[in-house]
Amino acid sequence: MSAESCVFCKIVAGTLPADIILDTEDLLVIKDINPQAPIHYLILPKKHIETLLDLNPMDTLLASELLMITQRLANKAGIKSFRLVANNGKEANQRVPHLHLHFVAGSKMTGF
Ligand code: 5GP
Ligand code: ZN
């Protein structure tokens, strides 16, 4: 998928609305439109990268930012427990081909 037709690129560009939780130089955190838990955010890089396998060594800082921003999200939400999920690739049910982490919290989780 090209960046032009990508829903998350449209949200980053401001042409598609979203509830924005955090907006940094490199990342956007938005509420998932179809939340699976009381807190369900999507952490996404502003630049169009399809999957984790498309990251290159130049993205090392970005990759660490994707994890480090969870501290700000947890602080903001006043929580210490959360789940991070990356559906990476079609077989893993990645429906939006723009790299993102699901940040899920607010209810007792089982499994995994
Ligand atoms: P995936 O299956 O790719 O890991 O998850 C994509 C997620 O994006 C889904 O949980 C879905 O609800 C969410 N999503 C899809 N389209 C939109 C949208 O236009 N806005 C927002 N905020 N979330 C979306
Ligand atoms: Zn995109």
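**A zinc site, two salt bridges and a pocket**

Guide: Helix 1 (7-13), strand 2 (27-31), strand 3 and strand 5 each supply at least two residues to the lining of the largest pocket. The model is predicted.

Visitor: Which element gives the most to the lining of the largest pocket?

Guide: Helix 1 does, with three residues. The lining has 24 residues in total. Nearest the pocket centre lie Phe-8, Asp-32, Ile-33, Asn-34 and Leu-42. The space in this pocket comes to about 530 Å³.

Visitor: What makes up the lining of the largest pocket by class?

Guide: Twelve residues are nonpolar, eight are polar and four are charged. Phe, Ile and Leu count as nonpolar, Asp as charged.

Visitor: What makes Cys-6, Cys-9, His-48 and His-98 the protein donors of the zinc ion (ligand 2)?

Guide: Distance. A donor is an N, O or S atom within 2.8 Å of the metal. The SG atoms of Cys-6 and Cys-9 and the ND1 atoms of His-48 and His-98 lie 2.0 to 2.3 Å from the zinc ion. Therefore these atoms count as donors.

Visitor: Why is the arrangement around the zinc ion (ligand 2) called tetrahedral?

Guide: Four donors earn that word if all angles lie between 85 and 135 degrees. Here the four donor atoms subtend angles of 104 to 118°, so the arrangement is tetrahedral. The ideal angle for four tetrahedral donors is 109.5 degrees.

Visitor: How are the donor residues of the zinc ion (ligand 2) spaced in sequence?

Guide: The spacing is C-x2-C-x38-H-x49-H. The two histidines link distant parts of the chain, 50 residues apart. His-48 sits in the loop between strand 3 (39-45) and helix 2 (60-77). His-98 sits in the loop between strand 4 (83-85) and strand 5 (101-105).

Visitor: Is His-98 buried or exposed?

Guide: Buried means under 20% relative accessible area. His-98 has 0%, so His-98 is buried. His-48 stands at 24%, so His-48 counts as partly exposed.

Visitor: How many salt bridges does a search of the whole structure find?

Guide: Two. One joins the side chains of Lys-46 and Asp-23 at 2.5 Å, N to O. Lys-46 is in the loop between strand 3 and helix 2, while Asp-23 is in strand 1 (residues 20-23), 23 residues apart. The other joins Asp-59 and Lys-47 at 2.7 Å, N to O. Both Asp-59 and Lys-47 lie in the loop between strand 3 and helix 2, so this pair ties together parts twelve residues apart in sequence.

Visitor: Why is the contact of Asp-59 and Lys-47 called a salt bridge?

Guide: The cut-off is 4 Å from a side-chain nitrogen of Lys or Arg to a carboxyl oxygen of Asp or Glu. The contact spans 2.7 Å, so it counts as a salt bridge. Asp-59 is buried because its relative accessible area is 4%. Lys-47 is partly exposed at 44%.

Visitor: Why is Lys-80 called exposed?

Guide: Exposed means over 50%. Lys-80 has 83% relative accessibility, so Lys-80 counts as exposed. Its place is the loop between helix 2 and strand 4. Lys-80 and Ala-105 are 25 residues apart in sequence and 9.2 Å apart in space, C-alpha to C-alpha.

Visitor: What is the phi of Asn-93?

Guide: Positive, about 70°, although Asn-93 is not a glycine. Asn-93 is in the loop between strand 4 and strand 5. At 44% relative accessibility, Asn-93 counts as partly exposed. Phe-112, also not a glycine, has a positive phi of about 45°. Phe-112 lies in the segment after strand 5.

Technical notes
Residues are numbered from 1 along each chain as its sequence is written. Chains are lettered from A and ligands numbered from 1 in the order in which they are written. This is a predicted model: local features need pLDDT of at least 70, side-chain atom pairs count only at pLDDT 80 or more; totals for chains, interfaces and linings use all residues. Side-chain values use heavy atoms; hydrogens and water are left out. Donors are N, O and S atoms within 2.8 Å of the metal (3.2 Å for Na, K and Ca); water is not among the atoms, so sites may look incomplete. Four donors count as tetrahedral if all angles lie between 85 and 135 degrees; four count as square planar and six as octahedral if opposite donors are over 155 degrees apart and all others between 65 and 115; anything else is irregular. Helices (H or I, at least four residues) and strands (E, at least two) are DSSP runs, numbered from the N terminus. Buried means under 20% relative accessible area, exposed over 50%, partly exposed in between (1.4 Å probe, protein chains only). On a 1 Å grid over the protein atoms alone, a cavity is a set of points where a 1.4 Å probe fits but cannot get out, and a pocket is an open set with protein on both sides within 12 Å along at least five of seven lines; lining residues have an atom within 4 Å of a point. Grid points are joined across faces, edges and corners, and a volume is the space filled by probe spheres set on the points.
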